[in-house]
Amino acid sequence: MEKGEQAEKKENVTYLLRCSDGTLYCGWTNHLARRLEAHNAGKGAKYTRSRRPVQLVYQEAFATRREAMVREAAIKKLSRKEKEQLIKG
């Protein structure tokens, strides 16, 4: 795989995690696997550090960073019930 191909494979992803205490955390990244690893290693968001392990329960991919960030903000405004419905599909 060429270097350029690897760069093209990066996606901007908005995601929801279920923390060990049952709470939900929403974020965005351009490298989901690395970000999940960071969350579970205690190097992710401050919120998830004391709530490990976390589990990925929802994700949406976007073409641009801005789209992912806008979607993250929209999801954060949802109620817990609405987030659970989003997860269930």
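Start by selecting A45: beyond its neighbours within four places in sequence, A45 is in contact (heavy atoms within 4.5 Å) with Y25, R35 and H39. Before moving on, note that this is a predicted model, where local features need pLDDT of at least 70 and side-chain atom pairs count only at pLDDT 80 or more, while totals for chains, interfaces and linings use all residues. Residues are numbered from 1 along each chain as its sequence is written, and side-chain values use heavy atoms, with hydrogens and water left out.

Next, add V13, Y15, L17, C19, Y25, L32, L36 and V54 to A45, and you have the largest nonpolar core, nine residues in all. Such a core is a set of buried Ala, Val, Leu, Ile, Met, Phe, Trp, Tyr and Cys residues joined through side-chain atoms within 4.5 Å; buried means under 20% relative accessible area, with a 1.4 Å probe and protein chains only. Strand β1 (12–18) and helix α2 (32–40) each supply at least two of its residues, and β1 gives the most, with three. Helices (H or I, at least four residues) and strands (E, at least two) are DSSP runs, numbered from the N terminus.

Now pick L32, in helix α2. Is L32 buried or exposed? L32 counts as buried because its relative accessibility is 15%. Leaving out neighbours within four places in sequence, L32 is in contact with V13, Y15, L56 and Q59. L32 and Q59 are 27 residues apart in sequence, with their C-alphas 9.2 Å apart in space.

Finally, select K83 in helix α5 (residues 80–88). Setting aside residues up to four places away in sequence, K83 touches L16, L24, I75, K76 and L78.

Methods
Buried means under 20% relative accessible area, exposed over 50%, partly exposed in between (1.4 Å probe, protein chains only).
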